[in-house]
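Colleague: Could you take a close look at one part of this model for me? Pick a single spot, walk me through its surroundings, and then tie that to the rest of the chain.

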Amino acid sequence: PAKNLPLNLRTEVEYFRVRAHEPVTWNDNRAEYSRRYRTANEKLFDVEEWFMRKMCDMAHERNIEIMLVNVPLTPDNHALMPAGSYENYRARLTKLAKQYDLPLVDLDGKTEFVKTDYYDTAHMNGTGGKKMVDAMVKCLTREPKLITALRQSNNTEKQVAGTGGTK
């Protein structure tokens with residue numbers, strides 16, 4: 001639960017929590033993302049890629065299968081990004097997936113995600129989150145390595161990130 005997190009993260013988690021049967025309203029956060037995206041930050045991209053590679057290396061060492069997912073963003077969010085930065089991100093993600101032989105599921109730009117599926121320009125609400133998870137599961141079922149790992153996740157041969165097993 002959020003109460004176990006440090007205070008700075010707890011506030012952020014509470015901000016995004018939507019309680020059952022609570023009406024979901026659109027939160028226009030374009031001003032926030034306009035500040036975040038003011039300029040392309042190559043140094044940050046490099047650091048994030050380094051951590052992603054470390055995670056992939058650790059998963060490989062522990063025999064854990066990974067599926068990369070490029071989550072959907074709203075057109076409003078894309079419009080705020082500096083020219084070329086999203087393309088740079090996608091190129092890095094694609095290269096990483098190829099280098100590590102990982103399935104890459106690209107859910108961005110899919111027509112099934114509409115504005116009412118989002119809490120704000122970058123985060124899904126409950127309805128959108130369900131659609132996103134359903135789309136991820138559909139893709140997962142077409143990946144033989146992941147299916148095998150899921151079937152073996154109760155033993156120590158293979159695991160899938162997020163299934164709770166440790167080696």
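Modeller: Let's start with S85, which has a relative accessible area of 12% and is therefore buried, the cut-off being under 20%. Keep in mind that this is a predicted model. S85 sits in helix α5, the helix that spans 85-99. If you set aside the neighbours within four places in sequence, the residues in contact with S85 are A40 and F45.

F45 takes us to helix α3, since that helix runs over 42-61. Further along α3 you'll find W50, and here the picture turns outward. W50 has a relative accessible area of 47%, so it counts as partly exposed. Together with V47 and F51, W50 makes up a nonpolar patch on the surface. The accessible area of those three residues adds up to about 330 Å². Then there's C56, which is buried because its relative accessibility is just 3%, under the 20% cut-off.

Carry on past α3 and you get to N63, in the loop that leads from α3 to β1 (64-65). The backbone is worth a look there: N63 is not a glycine, yet its phi is positive, at about 60°. With 24% relative accessibility, N63 falls between the cut-offs of 20% and 50%, so it counts as partly exposed.

Now go back to α5 and follow it out the other way. The loop between α5 and β3 (104-106) holds D101, another residue that is not a glycine but has a positive phi, in this case about 55°. D101 counts as exposed because its relative accessibility is 53%, over the 50% cut-off.

Beyond β3, have a look at T121, in the loop that connects β3 with α6 (126-140). A loop residue it may be, but T121 has a relative accessible area of 0%, so it is buried. Its side chain makes a polar contact of 2.7 Å with the side chain of N29. Leaving out neighbours within four places in sequence, T121 also has quite a list of contacts: W26, N27, N29, R30 and Y33, plus L73, T74, D76 and N77.

From there, α6 brings us to the other cysteine I'd mention. C139 has 14% relative accessibility, so it counts as buried, like C56 at 3%. If you were wondering about cross-links, the search of the whole structure comes up with 0 disulfides.

Stepping back, the protein has 7 helices and 4 strands. Along the sequence they come in the order α-α-α-β-β-α-α-β-α-α-β. Take the contacts between residues at least 6 apart in sequence: 66% of them join residues at least 24 apart. The contact of S85 with A40 is one to look at with that in mind.

As for burial overall, 29% of the 167 residues are buried, S85, T121, C56 and C139 being among them. The accessible surface of the whole protein is about 11,300 Å², and carbon and sulfur atoms account for 56% of it. The patch of V47, W50 and F51 is one nonpolar spot on that surface.

Note on methods: Residues are numbered from 1 along each chain as its sequence is written. This is a predicted model: local features need pLDDT of at least 70, side-chain atom pairs count only at pLDDT 80 or more; totals for chains, interfaces and linings use all residues. Side-chain values use heavy atoms; hydrogens and water are left out. A disulfide is a pair of cysteine sulfur atoms within 2.5 Å. Buried means under 20% relative accessible area, exposed over 50%, partly exposed in between (1.4 Å probe, protein chains only). Helices (H or I, at least four residues) and strands (E, at least two) are DSSP runs, numbered from the N terminus. Patches are made of residues with over 30% relative accessible area and no salt bridge: like charges are joined within 9 Å, nonpolar side chains (Val, Leu, Ile, Met, Phe, Trp, Tyr) within 5 Å. Accessible areas come from the Shrake-Rupley method with a 1.4 Å probe; for residues, only the protein chains shown count as cover. A salt bridge is a side-chain nitrogen of Lys or Arg within 4 Å of a carboxyl oxygen of Asp or Glu. Contact means heavy atoms within 4.5 Å. A polar contact is a pair of N or O atoms within 3.5 Å; within protein, one must be able to donate a hydrogen and the other to accept it, and residues adjacent in sequence count only if both atoms are side-chain atoms.
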